[in-house]
Amino acid sequence: EAKADGSRQIRFFDHSMARDIAHRREIETELRRALRENELAVYFQPIVELETGRIRCFEALVRWFHPERGEISPDEFIPIAEESGAIVTLGNWLTAQAASVATSWPEEVRVAVNLSPLQLKVPGAALGIISAFREAGLPPERLELEVTEGLFLEDSPNIAMFIEELSGMGVRFALDDFGTGYSSLGYINQWPFSKIKVDRSFVSGSQAGRKSDAIIRAVSQMGKSLGMEIVAEGLETIDQVRAVREAGCTHGQGYHFSRAVPAYQAALLLAEERETAPEELFRRRAG
Ligand code: C2E
Ligand code: MG
Ligand code: MG
Ligand code: MG
């Protein structure tokens, strides 16, 4: 694993370690090829308003269909893309793709893109992202950037510039996977987040009990009083949907609503919404 601790690596540099390095190099080379040869695709997962059951946003998630290895998970190749710098090309490509798909959605439906801290290290990063988005003809208000707390550990002056510049243009920021890192209230206070995404470990999983529920309640309450949206990640059952709504979450995302799907299926979800009466839509998705 990418984040295997350094000390162990030094003490036990063995065959499996060498294999690991070789594997990473291979993925790195393959990824560059994949970008050229269109093996990557963008999938979309809806983020649903819990009060109405309506889709307010789609998160764009990269997919890699390798001709021999089959599907490779982003959890495996994103860290390698970050280390090799390929994440910049990948990120700009994905943003352009996602924006071009989003032009066919209703205006009030936003598109969310995940941003790696390393994408901000290159000069002109903000320009890259926003011009990829604008080329599709979408206003910056329809773009949402999902960042994790890891971003702020970088302590780079670029980050402040990036966030201020883009949020000045109307781009929205979401704090992703909240609860897995430092869960610092300082970041929420310091930066213009309009959304907190509570990590799915607080929702699903067998240990997610009363304690998780109390945490979700507290985060929701705080978010609400700051005028933020609170998204519960990883909703897989209707019971979870009801529970997080009851706990104060405003939005939800997860397999209960839909997995990440190709653009044409995202369009079908929106069509279903258009053709369904509001009460029926709520009942079907979130009731
Ligand atoms: P994330 O941003 O937290 O994205 C949500 C992940 O949770 C996605 O996994 C999604 O498929 C998964 N998920 C959604 N609903 C459920 C559910 O109900 N149950 C379960 N078990 N899982 C659910 P995915 O697509 O494999 O992506 C994993 C991570 O890889 C993402 O986490 C994100 O950090 C990163 N990633 C994916 N695409 C990109 C990208 O284009 N750029 C960057 N920088 N990172 C990306
Ligand atoms: Mg995300
Ligand atoms: Mg997330
Ligand atoms: Mg997560």
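A residue counts as buried when its relative accessible area is under 20%, calculated with protein chains only. Lys195 has a relative accessible area of 2% and is therefore buried. The model in which this holds is a predicted one, and the points below take up the surroundings of Lys195 before turning to a pair of magnesium ions.

**Lys195 and its surroundings**

- Lys195 belongs to strand S7, which covers residues 193-198.
- The side chain of Lys195 makes a polar contact of 2.8 Å with the side chain of Glu144.
- Once neighbours within four places in sequence are set aside, the residues in contact with Lys195 include Glu144 and Glu229, together with Ile47, Cys57, Phe173, Ala174, Leu175, Met228 and Val231.

**The magnesium site**

- The magnesium ion (ligand 2) has as its protein donors Glu59 (OE), Asn114 (OD1), Glu146 (OE) and Asp176 (OD), which lie 2.0 to 2.2 Å from the ion.
- Along the chain, the donors of the magnesium ion (ligand 2) are spaced as E-x54-N-x31-E-x29-D.
- A separation of 3.6 Å lies between the magnesium ion (ligand 2) and the magnesium ion (ligand 3), and Asp176 coordinates both ions.

**Two of the donors compared**

- Asn114 lies in strand S4 (residues 110-114) and Asp176 in strand S6 (residues 172-178), so that this pair, 62 residues apart, links distant parts of the chain.
- Asn114 counts as partly exposed because its relative accessibility is 29%, whereas Asp176, at 7% relative accessibility, counts as buried.

Terms used
Residues are numbered from 1 along each chain as its sequence is written. Chains are lettered from A and ligands numbered from 1 in the order in which they are written. This is a predicted model: local features need pLDDT of at least 70, side-chain atom pairs count only at pLDDT 80 or more; totals for chains, interfaces and linings use all residues. Side-chain values use heavy atoms; hydrogens and water are left out. Helices (H or I, at least four residues) and strands (E, at least two) are DSSP runs, numbered from the N terminus. Buried means under 20% relative accessible area, exposed over 50%, partly exposed in between (1.4 Å probe, protein chains only). A polar contact is a pair of N or O atoms within 3.5 Å; within protein, one must be able to donate a hydrogen and the other to accept it, and residues adjacent in sequence count only if both atoms are side-chain atoms. Contact means heavy atoms within 4.5 Å. Donors are N, O and S atoms within 2.8 Å of the metal (3.2 Å for Na, K and Ca); water is not among the atoms, so sites may look incomplete.
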